[in-house]
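User: Please take a close look at one part of this model, the barrel of chain B and what packs around it. I would like one connected account.

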2 protein chains.
Amino acid sequence: MTREQLVSEIRRKKSFLCIGLDADITKIPQHLLEEEDPLFAFNKEIIDATHNLCVAYKPNTAFYEAHGVKGWISLEKTINYINKKYPEIFTIADAKRGDIGNTSKMYAKAFFEDLKFDSVTVAPYMGSDSVKPFLEFRNKWVILLGLTSNQGAYDFQFIKDADGKELNQHVMEKASAWANEEQLMFVVGATKAEYLSEIRKVIPNHFLLVPGVGAQGGSLSDVVQFGKNKDIGLLINSSRGIIYADNSIEFANIARAKALEIQQEMGGYI
Amino acid sequence: MTREQLVSEIRRKKSFLCIGLDADITKIPQHLLEEEDPLFAFNKEIIDATHNLCVAYKPNTAFYEAHGVKGWISLEKTINYINKKYPEIFTIADAKRGDIGNTSKMYAKAFFEDLKFDSVTVAPYMGSDSVKPFLEFRNKWVILLGLTSNQGAYDFQFIKDADGKELNQHVMEKASAWANEEQLMFVVGATKAEYLSEIRKVIPNHFLLVPGVGAQGGSLSDVVQFGKNKDIGLLINSSRGIIYADNSIEFANIARAKALEIQQEMGGYI
């Protein structure tokens, strides 16, 4: 998907919501456990109930890999279902991969050719040659970890060099020279919204994928205030707050209601 | 596997060789393409030919994920084969994972419970809570990226703070407080052997997993000179130099010959 298509979907749906499909067998409604593929059955209902309120879905690969081959099948069915039924949706493999060049190329094949995601999240520690193989795919995106939403972000991401520049700023500055804003986004946690204005000085135009609104405590209005740009430039992720809002037979309707609340707030910002 | 068991295997086999099972469908011998599962067939022959010359196998998950569900099946068959037939071998899922706490826990389940690897490689960028869930498993290991063997390592891993301490030193120093040398190893590339004496001042006792000998240009004798400790403390990985030394019907014998060369050199260092 191109940036132009993504921006146009955001304006059409009046939403920049991304829903995290972190399907956890211990948290999904009990009645789904009777299904042949409970994780896919869960995702399918969530997707059918929310697809016109969000612009992106983001399955986190960990939740599928935890079930081995069966889990990988659920992931494959999920991405195929979205691509076939809702091709206007931007898809994110939240995989946080990254390896030496010939190996990153294999990950790129896995997520762009085999599973046909639009984008994949990548960890920056190994530098340029670990990221570039993903950028060789046309109309596919790298979403690089910039500043993450967890407590552990403070261990290394804020280390300052002699000039006071933090590691996360090094990452965003350097990586923005590897690809333009048509192919590269950054993960910036909502729990660090106060840093967004600084970050926007370095990367004014790139889209940001923002986790941590809701369950992790970040505020949507803060993120919009400090992070929005002329093309909106934000994908705000919510996972647990939407998909696990209820675990009765009504779960998909309740998930829709939660997504609608967020979409309506977003509508006011577009 | 415990550290004691690993050290004892190294002394018994007079080897600290790890063989990287990066099974690439475009590089394995043509005649294997007729097999039902060519990647597993390749690994099985390599393993049977080399198991008494090495102490560890390290499949890189990217090479399996590139084939989707089929690839994940090949990976599962490979680890099951090693665990059943050669339980004395230390197994490494070279996955370079790392995510927020509840998600890293899912990756830990994937590699320690579902696939039953002894260890998994983890990327440090997201800090402590992305690493700790892996450490909750008894006799399982985290192998954290310290200083990698690729060119991109120079992008961020050498950034110095105001006191001159490099990011990779921060990572190794801080992480060595999260777990002791019974559960934590570090990846340090052989292409940076000159840094090993500095690194050994920070982490004298931890095992190091050292990629980059052979195809990537690192030297075994340099690594031993600067990196060996009282328990050897090294696992030297070779992938392409062994497994793709030949692609005829004789490939496994040639791989064995290459592994034997390395094992014999290693024998002199033990």
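Analyst: What follows starts at one strand of chain B and works outwards.

This is a predicted model: local features need pLDDT of at least 70, side-chain atom pairs count only at pLDDT 80 or more, and totals for chains, interfaces and linings use all residues. Residues are numbered from 1 along each chain as its sequence is written, while chains are lettered from A and ligands numbered from 1 in the order in which they are written.

Start with the barrel. In chain B, eight strands close up in the order 1-2-3-4-5-6-7-8, with parallel pairing. From one strand to the next, the twist averages 30 degrees. Strands (E, at least two residues) and helices (H or I, at least four) are DSSP runs, numbered from the N terminus. Two strands pair if DSSP finds at least two bridges between them.

Now strand 5 of chain B, residues 141-147. Seven of its seven residues are buried. A residue is buried if 20 or more other C-beta atoms lie within 10 Å of its own, exposed if 12 or fewer, and partly exposed in between, with C-beta atoms placed from the backbone.

Strand 5 of chain B pairs with strand 4 of chain B, residues 119-122. The two run parallel and share four bridges. Here Val122(B) has Leu144(B) as its bridge partner. Strand 5 of chain B also pairs with strand 6 of chain B, residues 184-188. That pairing is parallel too, over five bridges. In it, Val142(B) stands opposite Leu184(B).

Elsewhere in the barrel, strand 2 (residues 56-58) and strand 3 (residues 90-97) of chain B are joined by two bridges and run parallel. Tyr57(B) faces Thr91(B) of strand 3 there.

Next, the connection into strand 5. Strand 4, helix 6 (residues 128-135) and strand 5 of chain B form a right-handed β-α-β unit. A crossover is right-handed if, with the strands pointing away from the viewer, the path from the first strand over the helix to the second runs clockwise.

Helix 6 of chain B packs on helix 5 of chain B, residues 101-114. Their axes are 8 Å apart, at an angle of about 35 degrees. Axes are lines fitted to C-alpha atoms, for helices over the stretch in contact, and angles run from 0 to 180 degrees between N-to-C directions. The crossing of helix 5 and helix 6 of chain B is right-handed. A crossing is right-handed if the near helix is turned clockwise from the far one by less than a right angle, and left-handed if anticlockwise. Helix 5 of chain B brings Gly101(B), Ser104(B), Lys105(B) and Ala108(B) to the contact. Helix 6 of chain B brings Asp129(B), Ser130(B), Pro133(B) and Phe134(B). Two residues are in contact if their C-beta atoms, placed from the backbone, lie within 7 Å.

A further helix pair belongs to helix 2 (residues 38-50) and helix 12 (residues 251-267) of chain B. Their axes come within 9 Å and cross at roughly 45 degrees. Helix 2 and helix 12 of chain B are therefore oblique to each other. Angles under 35 degrees count as roughly parallel, over 145 as roughly antiparallel, 65 to 115 as roughly perpendicular and the rest as oblique. This crossing of helix 2 and helix 12 of chain B is right-handed. Among the residues that meet are Glu45(B) and Ile46(B) of helix 2, and Ala252(B) and Arg256(B) of helix 12.

One loop deserves a look. Gly212(B) lies between strand 7 (207-210) and helix 10 (220-227) of chain B. Gly212(B) counts as buried because it has 24 C-beta neighbours inside 10 Å. Leaving out residues up to four places away in sequence, Gly212(B) touches Ser149(B), Gly189(B), Ala190(B), Thr191(B), Gly217(B) and Gly218(B). Glu166(B) is 46 residues from Gly212(B) along the chain, and their C-alpha atoms are separated by 21 Å.

Last, the partner chain. In all, 50 residues of chain B are in contact with 51 residues of chain A. Several elements of chain A each supply at least two residues to the side that touches chain B, including helix 4 (68-85), strand 3 (90-97) and helix 8 (167-175). Helix 5 of chain A gives the most to that side, with seven residues. Chain A also has a closed barrel of eight strands, running 1-2-3-4-5-6-7-8 with parallel pairing.
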